[in-house]
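Here is a quick walk through one part of a fold, going from how the helices meet to how single residues sit. Have the viewer open while you read.

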Amino acid sequence: MAVFILFFLISINSDETSVALTPLEHKSDVVVEQPQQVWLNHFSKTEKLGYFYPVNEVLIQVDLNEKIVVTKPTIYKLSAPLMDPYQLFCLKEELKRYNLKYYLKKDKNSAELLIYSKEREKLNSLVEVLKNYQISATVGLYKEDT
């Protein structure tokens, strides 16, 4: 076994391999690459050309002396004073048919149903239908409380 180890060590440390090896040399050559076409390169040229805007420039002129007329849509109000719960039931059924939303205003002595709409013809036809149920309703212009 000792002979085997001896042959192994001699084969590893032979003179032939050490002669073939040469020491490494340090090369200090600087490799200069050609600059690629990159969109960032464009910004480096702006110092020579002046200031570069990163966005398109837009000019907007506004005439502040011109009067702007804002027209509010005309809103109509249908009011119907209700005397008993049956009238309220009949009125609610008609409102479902006309697809109108309403506001019920209750006091201690009375109840009034208010409907706000932009369509006067629709409200007038509803007034005619409500006469069949003996409900007196009126259509007028809606004025906001100021």
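## Two helices crossing

Start with the helix pair: α5 passes α6 in a right-handed crossing. Keep in mind that this is a predicted model. Helix α5 covers residues 85-98 and helix α6 covers residues 120-130, and their axes come within 11 Å, crossing at roughly 145°.

Who does the touching? On the α5 side you'll find L91, E94, L95, R97 and Y98, and they meet K122, S125, L126, V129 and L130 of α6. Sorted by class, that contact of α5 with α6 comes to six nonpolar residues, three charged ones and one polar one.

## The sheet

Next up is an open sheet of four strands, ordered β2-β3-β1-β4, with antiparallel pairing. The edges belong to β2 (103-106) and β4 (138-141), each of which pairs on one side only. Going from one strand to the next, the twist averages 25°.

As background, strands in a sheet pair through backbone hydrogen bonds, in either a parallel or an antiparallel way. In this model, β2 and β3 (residues 111-117) are joined in the antiparallel sense over four bridges. If you want a spot to zoom in on, K105 stands opposite E112 in β3.

## Helices over strands

Both helices also lie across strands of the sheet. For α5, those strands are β1 (76-82), β2 and β3, and the helix runs at about 150° to β1. For α6, they are β1, β3 and β4, with the helix running at about 20° to β1.

## A closer look at Q87

Q87 has its place in helix α5. Is Q87 buried or exposed? Its relative accessibility is 10%, so Q87 counts as buried, given that the cut-off for buried is under 20%.

What does Q87 touch? Leaving aside residues up to four places away in sequence, the contacts of Q87 are P81, L82, Y133, Q134 and I135.

## And at V139

Over in strand β4 sits V139. Not counting residues up to four places away in sequence, V139 touches Y76, K77, L78, R120, L123, N124 and V127.

You can also check a distance from here: V139 and L126 are 13 residues apart along the chain, and 9.8 Å separates their C-alpha atoms. L126 has come up before, as one of the α6 residues that meet α5.

Definitions and conventions:
Residues are numbered from 1 along each chain as its sequence is written. This is a predicted model: local features need pLDDT of at least 70, side-chain atom pairs count only at pLDDT 80 or more; totals for chains, interfaces and linings use all residues. Side-chain values use heavy atoms; hydrogens and water are left out. Axes are lines fitted to C-alpha atoms, for helices over the stretch in contact, and angles run from 0 to 180 degrees between N-to-C directions. A crossing is left-handed if the near helix is turned anticlockwise from the far one by less than a right angle, and right-handed if clockwise. Contact means heavy atoms within 4.5 Å. Ala, Val, Leu, Ile, Met, Phe, Trp, Tyr, Cys and Pro count as nonpolar, Asp, Glu, Lys and Arg as charged, and the others, Gly among them, as polar. Two strands pair if DSSP finds at least two bridges between them. Buried means under 20% relative accessible area, exposed over 50%, partly exposed in between (1.4 Å probe, protein chains only).
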